[in-house]
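Hi everyone, thanks for making time today. I'd like to walk you through a structure that may be new to you, so please have a look at it first.

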Amino acid sequence: MRNLLIFITKYNAFFLFLIFEISALIIYVKYNSFQKATFINSAANVTGGLYAQVDQLKGYLSLKEVNDSLAIENAKLRNQLKTSFYVDTLAKRKVNDTIYKQQYEYIEAKVVKNSINLRNNYLTINMGKRAGIEKGDGVICRSGVVGKVLYVSEKFAVVQSLLHKETIVSARLANSKELGSFAWGDDLDPRKGVLYDVSNNATPKLGELVTTSDASLFPAGIPIGKISDLHSKSGKGAFLSMDVTLSVDFGRLEYVYVVTNRLAKEQAGLEALEK
C-alpha cells in the first residue's frame with residue numbers, strides 16, 4: 001500500500017493530466033452534435049464486430065426456437081407468392097408492372113446488441129451501408145414494429161428502439177381505422193406503451209389490435225400491440241388514451257427486417273415545397 005502511494009505521488013502530474021484530458025474529450029463530444037454523431041458511428045463500426053463475436057455463442061443456445069420462427073416466416077412468405085394462388089377462370093390475366101411497383105424493400109439483419117431497461121434504448125444490427133441500409137429506415141420483425149435506423153456504418157447500424165422516449169409512431173385501431181399516435185409508456189415497462197390522441201368518437205375494445213397507419217414510416221398494417229386498458233393513467237393529448245401491450249418481446253429479439261421505402265425521398269422532396 002505504501003509503495004502504491006509513493007507511485008501515485010511521484011506521477012501525480014501525469015494522472016491529473018490524464019483526468020483533465022478525458023474530461024475535456026467527453027465534454028467536447030457530448031455537446032457538439034457533429035462530433036457526437038461521428039463518435040457514435042465510429043464506435044458502432046469498431047464495437048459491432050466484438051458484439052457479433054459474443055452474440056455467436058448466445059445464438060447457439062436458441063437455435064431451435066430461431067429456426068422454428070424462420071420456418072414460420074418462410075411459410076408466410078411462400079403463401080404470398082403468385083404460385084400459391086389458384087386462378088378460377090379460363091381467361092389468363094397479365095400483371096401490368098407499370099401499376100404494381102414495389103414500394104418497400106426488406107433487408108434481414110441479426111441483432112448483436114440490445115437494451116430494454118433504459119429510458120432511451122437502442123439496438124445494434126449486423127447490416128449497414130453495404131447492404132443498402134440508410135438513416136431513417138424502419139425496422140420490424142415478424143411480430144411487429146421494432147424501431148428506426150439512427151446511425152449507419154459500412155457493416156453495422158444503430159437502431160432507435162420503440163422503447164425510446166423520442167420514438168412516436170402514427171398508429172390506428174385495426175377495426176375502426178381510427179388514427180392516433182403510439183409512444184412508450186412513462187413507467188418504462190418494456191411490454192407496454194400508450195396509444196393517444198384517438199378521436200373521442202372512437203369505440204375501442206379490449207384486445208383490439210393496434211397497427212401502423214398509412215402516415216407512418218412503416219407499411220400500413222404492421223402490428224404494434226393490443227389494447228390492454230381503455231383508460232391509460234399516463235394518457236397524453238386531449239383525446240382518448242389507452243394502454244397497449246406490445247406485440248414484440250424486445251427481451252428475446254434475434255432477427256429483424258430493415259424496411260426501405262423507395263418512395264420516401266420523392267415524398268419528402270414534394271412535402272418540402274410546402275415550407
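Before we start, a word on terms: two strands pair if DSSP finds at least two bridges between them. Helices (H or I, at least four residues) and strands (E, at least two) are DSSP runs, numbered from the N terminus. What you see is a predicted model, where local features need pLDDT of at least 70 and side-chain atom pairs count only at pLDDT 80 or more, while totals for chains, interfaces and linings use all residues. Residues are numbered from 1 along each chain as its sequence is written, and side-chain values use heavy atoms, with hydrogens and water left out.

Let's begin with the barrel. Six strands form a closed barrel in the order β6-β7-β8-β11-β10-β9, with antiparallel pairing. From one strand to the next, the twist averages 40 degrees; for such angles, axes are lines fitted to C-alpha atoms, for helices over the stretch in contact, and the angles run from 0 to 180 degrees between N-to-C directions.

Now some of the pairs. Strand β6 (residues 168–173) and strand β7 (residues 179–184) run antiparallel and are joined by five bridges. Within that pair, S170 has S181 in β7 as its bridge partner. The hairpin of β6 and β7 has five residues between the strands, and K177 there takes a positive phi near 65 degrees. Strand β6 also runs antiparallel to strand β9 (residues 209–212), with three bridges between them, and here R172 stands opposite T211. Elsewhere in the barrel, five bridges connect strand β8 (residues 192–198) with strand β11 (residues 240–246), again antiparallel. L195 has M242 in β11 as its bridge partner.

On to charges. How many salt bridges does the structure hold? There are five, a salt bridge being a side-chain nitrogen of Lys or Arg within 4 Å of a carboxyl oxygen of Asp or Glu. One of them brings us back to R172: D214 pairs with R172, the closest N and O atoms being 3.7 Å apart. This pair links distant parts of the chain, with D214 in the loop between β9 and β10 (223–229), R172 in strand β6, and their positions 42 residues apart.

Is R172 buried or exposed? R172 counts as buried because its relative accessible area is 17%, and buried means under 20%, exposed over 50%, and partly exposed in between (1.4 Å probe, protein chains only). D214, at 65% relative accessibility, is exposed.

Another salt bridge joins E254 and K110 (3.7 Å, N to O). That one spans 144 residues, from K110 in strand β1 (residues 104–114) to E254 in the loop between β11 and β12 (255–261). K110 is buried at 18%, whereas E254 is partly exposed at 22%.

Finally, the helices. G48 is found in helix α3 (residues 33–60), and G48 is buried, with a relative accessible area of 0%. The C-alpha atoms of G48 and K113 are 8.3 Å apart, although 65 residues separate the two along the chain.

Helix α2 (residues 12–30) holds I22, which is partly exposed at 46% relative accessibility. Together with Y11, F14, L18 and I26, I22 makes a nonpolar surface patch of about 480 Å². Patches are made of residues with over 30% relative accessible area and no salt bridge, where like charges are joined within 9 Å and nonpolar side chains (Val, Leu, Ile, Met, Phe, Trp, Tyr) within 5 Å. Accessible areas come from the Shrake-Rupley method with a 1.4 Å probe, and for residues only the protein chains shown count as cover.
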